[in-house]
Amino acid sequence: MEICSPAPVPSTPVSPALIPLSGGLEEVCAAGPRDMAGALAFILSRSGPGTGRGIALTVTRAWLAEQGRPYGPGLAWFGRREGLVLVTTRTEADCLWAMEQALRSGGLDAVLGGIEGADLTRTRRLEFAARDGNASGILLRTRTGDLSAARRRWRISTLAGPSDPHDPRAPGRLALRAELTRSRTERPGVWMLEQDDETDRLRLADRLAGDGPGPISRPHAA
């Protein structure tokens, strides 16, 4: 009989805010009108390096008019060279259909959808489509509380990060507050994240703008 040794247990648990996207459906909510860019940065930082498959963003024309058009070449900041496929539609119903088809295609690592009105049934379809296509589906929203089949639900807000040490007038590192409000596998909590100078990705913050320690562990009922 072959005896297998158990896998070593890491001494420090990995923050859910830093776990790479691993397939299935998640939901990321921008806490305010100015936080959508931070929500996108949070998602892309977790997308991992390029695998030859790209990332798609499906949105309505009204969404683009309100949130602005993402800068595709900026994906290089996250170590991805495949670029961003932008799909624009007239209605949210069309946006949902495009997102589902893109997830099932098998040609994308992740598909983001700027969709507010997906009900529980439609989000279940997106979850199944993500599994079928071995991709990650992310609903980008500006409100919370709707029923959803998403395995994780996040609320993202931008913070005042530390100033640039070489130029006080220049913007400092990107800083975010990531709140996990619901999850199937992890306890809810809040984490402060900031841009890493070496990798350009997000990491747990040591200190933000003199506001004390970065990681905050405050689990609460979902």
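On helix α4, Thr121 and Asp132 are exposed, on the side away from its buried residues. Exposed here means over 50% relative accessible area, buried under 20%, and partly exposed in between, with a 1.4 Å probe and protein chains only. Helices (H or I, at least four residues) and strands (E, at least two) are DSSP runs, numbered from the N terminus.

I should say at once that this is a predicted model, in which local features need pLDDT of at least 70, side-chain atom pairs count only at pLDDT 80 or more, and totals for chains, interfaces and linings use all residues. Residues are numbered from 1 along each chain as its sequence is written, and side-chain values use heavy atoms, with hydrogens and water left out.

Let me stay with α4. Which residues of α4 are buried? They are Thr123, Leu126, Glu127, Ala129 and Ala130. These residues cover an arc of only 165° around the axis, which puts them on the same side of α4; the arc is that of the directions from the helix axis to the C-beta atoms. As background, an α-helix has 3.6 residues a turn, so residues three or four places apart point the same way. The cover over the buried residues of α4 includes β1 (24-30), α3 (92-104) and β5 (136-141).

The ends of α4 also deserve a word. At the N-terminal end, Asp119 acts as a cap, with a side-chain oxygen 3.3 Å from the backbone nitrogen of Thr121. After the helix comes Asn134, whose phi is positive, near 50°. As for length, the 13 residues of α4 (residues 120-132) should span 18 Å at 1.5 Å a residue, and this agrees with its end C-alpha atoms, which are 18 Å apart. The expected span is 1.5 Å times one less than the number of residues in the helix.

I turn to α3, which helps to cover α4. The buried residues of α3 are Cys95, Leu96, Ala98, Met99, Glu100, Ala102 and Leu103. Among the elements that cover them are β1, β2 (54-60), β3 (84-89), β4 (108-114), α4 and β5. Gly106 follows α3, and its phi is positive, near 80°.

Next, the strands. How many of the residues of β2 are buried? Seven of the seven are, so β2 is largely enclosed by the rest of the structure. On one side stand Gly54, Ala56, Thr58 and Thr60, and on the other Ile55, Leu57 and Val59. In general, the side chains of a regular strand alternate between the two faces of the sheet.

Strand β2 has two parallel partners to mention. Five bridges join β2 to β4, with Gly54 opposite Leu108. Six bridges join β2 to β3, where Thr58 has Val87 as its bridge partner. Strands count as paired if DSSP finds at least two bridges between them.

In strand β5 we find Ser136, which is buried with a relative accessible area of 5%. Setting aside residues up to four places away in sequence, Ser136 touches Leu21, Ser22, Gly23, Gly24, Leu103, Asp109, Ala110 and Val111. Contact means heavy atoms within 4.5 Å.

I come now to the interior. A nonpolar core is a set of buried Ala, Val, Leu, Ile, Met, Phe, Trp, Tyr and Cys residues joined through side-chain atoms within 4.5 Å. The largest has 29 residues, and those with the most contacts inside it are Val28, Phe42, Ile43, Leu112, Leu140, Trp154 and Ile156. Helix α1 (residues 36-45) gives the most to this core, with seven residues. A second, separate core of 17 residues includes Ala56, Val111, Leu126 and Ala130.

Where does Ala178 lie? Ala178 is in strand β7 (residues 175-183), and it is buried, with a relative accessible area of 0%. Beyond its neighbours within four places in sequence, its contacts include Phe42, Trp154, Ile156 and Trp191. Ala178 and Phe42 are 136 residues apart along the chain, yet their C-alpha atoms are separated by 8.3 Å.

Finally, the chain as a whole. It has four helices and nine strands, in the order β-α-β-α-β-α-β-α-β-β-β-β-β along the sequence. Of its 222 residues, 46% are buried. Among contacts with a separation of 6 or more, 71% are between residues 24 or more positions apart.

How values were computed: Polar contact = N/O pair within 3.5 Å; in protein donor to acceptor, adjacent residues only side chain to side chain.
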